[in-house]
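Reader: I am new to reading structures. Can we go through this one term by term, with the reasons behind each label?

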Amino acid sequence: MPRLRLPRIVFFGRTAEEYARIWKLSLADLAGLRILDCPCGPASFIGACHDAGIDAIGVDPMMAFTVEEMRRTGLKDIEDTMAAIESSDAGLASSDPETWTAEKHQALEHFLVDFRRHGPGGDADDGRYVAASLPNLPFADQSFDMAFSAHLLFSYASVENGGLVESSKALDLAFHLDAVTELARVTRQELRLFPAVIMASDEGGPHPWVDPIRDRLRSLGFEVRMESSDYDEGLTTSNALLIASRGAVED
Ligand SMILES: C[S@@+](CC[C@H](N)C(=O)[O-])C[C@H]1O[C@@H](n2cnc3c(N)ncnc32)[C@H](O)[C@@H]1O
């Protein structure tokens, strides 16, 4: 069977419970902090943060679209992603793909309910959803205590570069370095990136661009370490989580 390939960067989001496993941080750990999630996609994390009293902002170019446009795109992207997984040799860690898929529908629906009220033009718009694209974020330096970025960097490098898409749709190394520099600029304490691995390959292991990204982050005053995330979709051979902390002593 062929390797997993995705047709494009998909508008596909995880639940807040999945986010907690990805980042190894519960909502309680984030109390009192200002959080950035970029890309937020149609994940239910931002809504869950606000329900828990946490000041969190989700950024994604898709936030410029209407609820109906996002629902259409989100449903199609769940369908296309599952079809790509099923027609590849990638195995989901979950023995129950239907539950796994249902969680993505659940995340999308929670997101849409939250976005309809609190997104641009909603009756309770509080600025929690912002339409913008890396590598340009419309925020002041160090405006977030913690910044999270899942399932964009590394994942959407080209297949030749350890990612999931063909080169015409891929994010190159220059984009990665600019994006990480921008995420670092707006981060006061800590930036977390996931998954920092080679996708859908037997080789697995850290993504080849972890080294240049670590170098860039160190040059910006961050200490960088790798941990294994608690989140395992089964699509990669490891679950490396990159954690960059500002102002810590370099090793
Ligand atoms: C697979 S989703 C990840 C969503 C969420 N972080 C998660 O892990 O469930 C990838 C997202 O990246 C967004 N995206 C694409 N290009 C981007 C860019 N240049 N800057 C920020 N987000 C981008 C897409 O719109 C899509 O919502």
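**Reasons behind the labels**

Author: Start in the loop between β6 (222-228) and β7 (240-246), where Y231 lies. Keep in mind that this is a predicted model.

Reader: What makes Y231 buried or exposed?
Author: Count the other C-beta atoms within 10 Å. Burial asks for 20 or more. Y231 has 20, so Y231 is buried.

Reader: Which residues does Y231 touch, leaving out those up to four places away in sequence?
Author: Y231 touches E18, R21, I22 and N239. Contact here is a matter of C-beta atoms within 7 Å.

Reader: E18 and I22 sit in which helix, and which of its residues are buried?
Author: They belong to helix α1, residues 16-23. Its buried residues are E18, Y19, A20, I22 and W23. The elements that cover them include α2 (45-51), β4 (144-150) and β5 (187-194). Just after α1, K24 takes a positive phi of about 60°.

Reader: Why mention the sign of phi at all?
Author: Most residues other than glycine have a negative phi. A positive value is therefore worth a remark.

Reader: Which residue between β4 and α5 has a positive phi of about 60°?
Author: H151 does, although H151 is not a glycine. H151 lies in the loop between β4 and α5. F154 is found in the loop between β4 and α5 too. Its phi is positive as well, near 70°.

Reader: How do you know whether H151 and F154 are buried or exposed?
Author: Use the cut-off of 20 again. H151 has 21 C-beta neighbours inside 10 Å, so H151 counts as buried. F154 has 29 other C-beta atoms within 10 Å, so F154 is buried.

Reader: How far is Y231 from H151?
Author: Their C-alpha atoms are separated by 12 Å. Along the chain, the two residues are 80 residues apart.

Reader: What is around the ligand?
Author: There are 18 residues around the ligand. P39, G41, L134, A150 and H151 come nearest. The shell divides into 12 nonpolar, four polar and two charged residues.

Reader: Why is the bond before P39 called cis or trans?
Author: Look at omega. Omega is about 5° for the bond that joins C38 and P39, and that bond is cis. P39 is found in the loop between β1 (34-37) and α2. Most peptide bonds are trans.

Reader: Where is P195, and what is omega for the bond from F194?
Author: P195 lies in the loop between β5 and α6. The peptide bond from F194 to P195 has omega near -15°, and the bond is cis.

Reader: How are two packed helices described?
Author: By the angle between their axes and the distance between the axes. Take helix α5 (residues 173-186) and helix α6 (residues 210-219). Their axes come within 10 Å and cross at roughly 35°. The crossing is right-handed. On the α5 side, the contact is made by L173, H176, L177, V180, T181 and A184. On the α6 side, P212, I213, R216 and L217 make it. These residues divide into seven nonpolar, two polar and one charged.

Reader: What makes L177 partly exposed?
Author: Its count falls between the cut-offs: 12 or fewer is exposed, 20 or more is buried. L177 has 17 C-beta neighbours inside 10 Å, so L177 counts as partly exposed. L177 is in helix α5. Leaving aside neighbours within four places in sequence, L177 is in contact with P212, I213 and R216.

Reader: Now the whole chain. How many helices and strands does the protein chain have?
Author: The protein chain comes to six helices and seven strands. From the N terminus on, they run α-β-α-β-α-α-β-β-α-β-α-β-β.

Reader: Why is the protein chain called as compact as a globular protein of its length?
Author: Set the value against the rule. The radius of gyration is 17 Å, and the globule rule gives 18 Å for 251 residues. The two are close, so the protein chain is as compact as a globular protein of that length. Along its principal axes the C-alpha trace spans about 45 × 45 × 35 Å.

Reader: What share of the 251 residues is buried?
Author: Buried residues make up 42%.

Methods:
Residues numbered from 1 in each chain as written. Predicted model: local features only at pLDDT ≥ 70, side-chain atom pairs only at ≥ 80, totals over all residues. Axes fitted to C-alpha atoms, helices over the stretch in contact; angles between N-to-C directions. Helix = DSSP H or I, 4+ residues; strand = E, 2+ residues; numbered from the N terminus. Left-handed = near helix turned anticlockwise from the far one by under 90°. Contact = placed C-beta atoms within 7 Å. Nonpolar A, V, L, I, M, F, W, Y, C, P; charged D, E, K, R; others polar. Near = placed C-beta within 6 Å. Rg over C-alpha atoms; globule rule 2.2 N^0.38 Å.
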